[in-house]
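I opened this entry to record what I looked up, working from the whole chain down to single residues.

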Amino acid sequence: MSLNGSGGGAGCAIFTFAVFLVGLASSFSAQAQAPATQQPGAAQPAPIIQGVAVRGNERIEAGTVSSYLPLQPGMPADPELLDLSLKTLFNTGLFSDVALEMLEDGNLLIDVKENPIVNRVIFEGNRRVKDDKITEEIQLAARTIYTRSKVQADAQRIVELYRAKGRFAASVTPKVTPLAQNRIDVIFEVDEGPKTGVAKVNFVGNNIYTDNELRGEILTKESRWWRFFSSNDNYDPDRLEFERELLRKHYGRNGYADFSVVSAVAELTPDRKDFFITFTIDEGPQYTIGEVRVRTTLAKLDEDVLERFIPIKSGATYDSERVENAIESITFATGSSGYAFVDVNPRLSRHADSKTIDIIFEVNEGPRVYVERINIKGNTRTLDKVIRREIRIAEGDPFNRVLVDRSKARVRSLGFFKEIEIEEKPGSAPDRTELDVTVQEQATGSFSIGVGVSSTENFIVDLSVEERNLMGRGQLLRFRAQASSRTRLVDIQFTQPYFLGRNLAAGVSAFNQRTNFRESGFIRNRIGFGLNSGFQISEYGRGGLNYQFTNDDVRIDSLSQQNILGGVDPLSILAPGATPISVTPVVVNGQTNQVVVATLCDFIVQSLSPTCQSRGQFVTSLIGASVSFDTRNDPFKPTRGWRAIISARFAGLGGDVNYYQTEASGAYYRPLIGKFVGVVKGRAGYIDGYGGDDVRLSDRFFEGASSFRGFEVAGVGPRFLTRFDTRENRPDGQSIGAKAYAIGTVEILLPLPLPEEYGIRASLFTDFGTVGLVDESTKFINGDSSFFLDVPLLDVDGAPILDDMGLATIITLAPVQDALALRVTAGVSVSWDSPFGPVRFDFAEVLRQEIYDQTEGFRFSAGTSF
C-alpha cells in the first residue's frame, strides 16, 4: 500500500492518494475484528505509525526528509495528513519523485528521488547579450538544485532580456546533460534572431504639434541605418509606458492641462522584424493662467508673502513644470518659517469658456513623520559617506519630499552611478520612516585619445587618463597630455571634493605648457603648480579660492633680415651688444648691398617693439577668488535660467610680477516663440599693474576666433604695425594684447526640422564689444616718426579711396594702434555631435571694425575621442 507522486502534477497525487486509501482499508480488514457491539458500516480507525523510514536519498539526510513531515511516530496515519506530507515534500524542490508506503510492520516508508545538482550553466549562441548579464537574471547556477520549473522560468527570462534589446524573434531551448553522482550540465541554446526595429511611430489626434515634433519628445526612435550607435530604435514595452509620461510633460509645459494618451499600441509585422507604434492622444484646449492664490490654515504663515514665492503670473500660458516649482518654493518658504510638516496641494479650477485655469495652493499641516534611518544599498565600490554627504536630509530630520527628490538629483549628479532610487519604508512606529537609497555602480575611469582639426590649432592630439571616483572616495585624479600646432601641455590634477570631512573641495595641480603665440611673435614656456578650493554658498551658488605659482620663460627665437648699403656698418642697425648671425654681400642693379641676418629682437627697430620688450624669465605668485551662480535647467543644453561668474586675481605675493585682474561673465536663457530660445551673454575683464610694474604681454587679454566670432585669433584689439599687406589690403603686424575687454552676444537658438538624435544645432548670433588699452610705456615708440606707417585709405569693399587728383588717399598710422572702439559682427553658427566627435562651423560677417583688425568669415573645428 503506497502513496506516491511525481513532477507530473497534482492530479497524479490525488489519484495515487485514492489508491492508497483503498489499499489501506483492505490491509487492515483482516486484522481489525469488529466488536459485537459495533454498528454495521462504522469507519475503521487509522493505523498508528510505528516509525518513519527513508529510501532513495543520496545527499539529503533521512532526518532532514522526516523533518518536513507533519506526521511523526505515534500519530495515526490520517489520510489528510498523508496527502499534506506528500505535497510538502514536493514543495521543497529537492525531489523529482516521492512515494509514501505503509509497511506491514506499521512503519511509514518515504521513497524519494532527488533532483539533480547543477554542475554548470552553459549559454550557446548568445552574441548580443553576454554570459554575465544573463547569469545575473536567472535562478539556476552552479551547485544549485535543478527543477523543471526553474529551467522554464529561466528560459523565459532570457527571452525577455532579448526582447528588451529589440529582438522579439529570439528563442531559448534548454537542454540537460546528465553527469555522474546525480549532477547535470544545463545548456541554454539561444537563437537570437534578427533585431526587431521600429518601422514607424505614428500619432493620431494631434493637431497642435506635428508627428515629427512629437517624435522628438519621446525616447523611441524609428530604425534608420545611421542610428547604428543608438539603442532606442527598438521596441521596449517598459519604455512605451515612459513615453506616455514624456508626452504628458511636453503638453503640460505648453498649456495643455487636459492632455491624455488614450492608447499606445505596438503591432509586430508578420515577418517579426519591425513594430508599428501608434499613440492615440487627446490634446484638449490650451489654457492660460487666471487667478493664482495661496490659502493656508497655519496661523504664522502670511498668504500674501507665500504668493511672492510662486513663479507663475496671471495671463501666462499654463506650465505644469512651474506648478511643481511653485510647490517646491512654498515648501522651502514654510520650512524657513518653522513648519517642517506641510502639505502643499495645488487645486486647478478650469474655465472652459475662457480657457483659463485658476490655481489655488492649499497649504496645510501634514502628518508628522521623521526619518528614522537611511540605508545605502548597491554601492559595491563607492563608500557610504560619499553618498550620504549628498543627501539633503539626515536621520532624525522631519521627512520632506522635496529634500528627498533633491537628494536623488545630487547623488545622480556625481556621475558615479547608472541608476539611483530612493524608496520609503515603514519605520518602527507610525511616525517613523526609513529611506532605502539604492544605487547601481558604473565605470568612473576613462582613457581617451582624441584627434582633431580646427582653424586655430590646425591639428590637435589629446591623451587623457581620468578616475572620477578614486578608491570609491569620490576623489578626482586626472592626467592629460596635449599636442597641437601651437600648444604642448602636460597636466596632472587631484581634487578632494570634501576636504577634512567638510563641504569644501580642495585640489592641487602641476603643469608644464609651451605655447606659440604666433600672432604676437613669442613663445612662452610655463611650468608651475596650483592650489584651489571650492565651497557651496547657496543652493545655486558656489565660491572658490585659488593660488598659482608659475615660472614663465618668454622667448623670441625667430630670425629676421634687413638690407643695408655696402658701406654701412652692420652693427649700426643692431641693438648694443648684439651680433649678426651672417652678413652677405649682394649686388642689386650694379650696386653692392648687404643682407644682415640676426635674431628678430637684435635689430633696433624690433627691439623697441612691445613683443621684444616682454622677453625674459618671470616668476608669478598669485592668489584669486571667484563666485558663481547657476540656475539653468540643463548645464549642457539650457533653455531657461541664468548663470554668472565673477573672479579676481592678485599677483605679487613674491615673484617678479605685480598686477591685479578682474573678470566677469554671465548668460541668460529664455524660451521665445515655439521652440526658439533667446540667449544673452556678456564677458568683461580688466588687468593693471601696480608698484611700478606694467602688464606684461603674456598676461594681457587676447580676443578673437571663438571668443569674438568674425575675427582671427587675437585679431581684435591693440596691434604693433610693421607693414601693409597688399594681398589682404590691410595693415599688418603683431597683436600686443589688451588690458581691458567687454564683449556681448545676442543669440537665438533655432529649432531645426531634424530629429534631435542627429545632434545638429544652429543659431543666429551677433557679437559686439571692444578690446583695448595698453600701458603708456608700450606706446613710447609712437614718439619716433621713423616707425610710422603710410597706408592707403580703403572703402568697405577694400578698394582705395581716391583724392581729387585720382590718387590713392594715404593716411599715416602710428606703429602702436590702440582704439577702444566698438566692433560688431553677425552670423550663423552650426554644431554637430557627430559619431566621430563634435564638429562646429561659424559663418560671420564683420559689420564694424578698425582698419588694423584681422577678420575672417569662416571658422571650423572637429575632433573625436576613442
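Before naming any loop, I fixed my terms: strands are DSSP runs of E, at least two residues long, and helices are runs of H or I, at least four long, both numbered from the N terminus. With that numbering, Met471 falls in the loop between β18 (460-470) and β19 (475-484). I worked on a predicted model throughout.

**Entry 1. Whole chain**

I started with the secondary structure. The protein has 13 helices and 40 strands.

Next I checked the overall dimensions. The C-alpha trace spans about 160 × 70 × 60 Å along its principal axes. The radius of gyration is 41 Å, against near 29 Å for a compact globule of 866 residues.

I then looked at burial and surface. Of the 866 residues, 41% count as buried. The exposed surface comes to about 44,900 Å², and carbon and sulfur atoms supply 54% of it.

I also looked up contacts by sequence separation. Among contacts with a separation of 6 or more, 59% join residues 24 or more positions apart.

Charges came last. I noted 93 positive and 110 negative charges, and their mean positions lie 2 Å apart.

**Entry 2. Nonpolar cores**

Which residues have the most contacts inside the largest nonpolar core? I found Phe522, Tyr659, Ile736 and Val771, in a core of 30 residues. Strands β27 (616-630) and β33 (740-750) each supply at least two residues of this core.

I followed Phe522 further. Leaving out residues up to four places away in sequence, Phe522 touches Thr515, Asn516 and Phe517. Its other partners on that count are Val554, Arg555, Ile556, Thr611, Leu697 and Ser698.

I also noted a second, separate core of 22 residues. Among its members are Leu306, Ala333, Val344 and Ile359.

**Entry 3. Two glycines in loops**

I took Gly106 and Gly691 as a pair. Gly106 sits in the loop between β3 (95-102) and β4 (107-114). Gly691 sits in the loop between β30 (677-689) and β31 (719-725).

Is Gly106 buried or exposed? Its relative accessibility is 10%, and the cut-off for buried is under 20%, so Gly106 counts as buried. Gly691 has a relative accessible area of 67%, which is over 50%, so I logged Gly691 as exposed.

I checked what lies around Gly106. Beyond its neighbours within four places in sequence, Gly106 is in contact with Ile48, Ile49, Gln50 and Gly51. Val52 is 54 residues from Gly106 in sequence, yet their C-alpha atoms are 9.1 Å apart.

For Gly691 I looked up Val657. The two are 34 residues apart in sequence and 9.6 Å apart in space, C-alpha to C-alpha.

**Entry 4. Positive phi outside glycine**

I returned to Met471. It is not a glycine, but its phi is positive, at about 55°. Its relative accessible area is 58%, over the 50% cut-off, so Met471 is exposed.

Leu773 also has a positive phi, of about 80°, without being a glycine. I placed Leu773 in the loop between β34 (760-772) and β35 (789-792).

How does Leu773 count in terms of accessibility? Its value is 34%, between the 20% and 50% limits, so Leu773 counts as partly exposed.

Conventions. Residues numbered from 1 in each chain as written. Predicted model: local features only at pLDDT ≥ 70, side-chain atom pairs only at ≥ 80, totals over all residues. Heavy atoms only, no water. Rg over C-alpha atoms; globule rule 2.2 N^0.38 Å. Buried < 20%, exposed > 50% of the residue type's maximum accessible area, 1.4 Å probe, protein only. Contact = heavy atoms within 4.5 Å. Areas by Shrake-Rupley, 256 points an atom, 1.4 Å probe, with all protein chains shown as cover. Lys, Arg positive; Asp, Glu negative; His and termini not counted. Charge placed at Lys NZ, Arg CZ, Asp CG, Glu CD. Core = buried A, V, L, I, M, F, W, Y, C linked by side-chain atoms within 4.5 Å.
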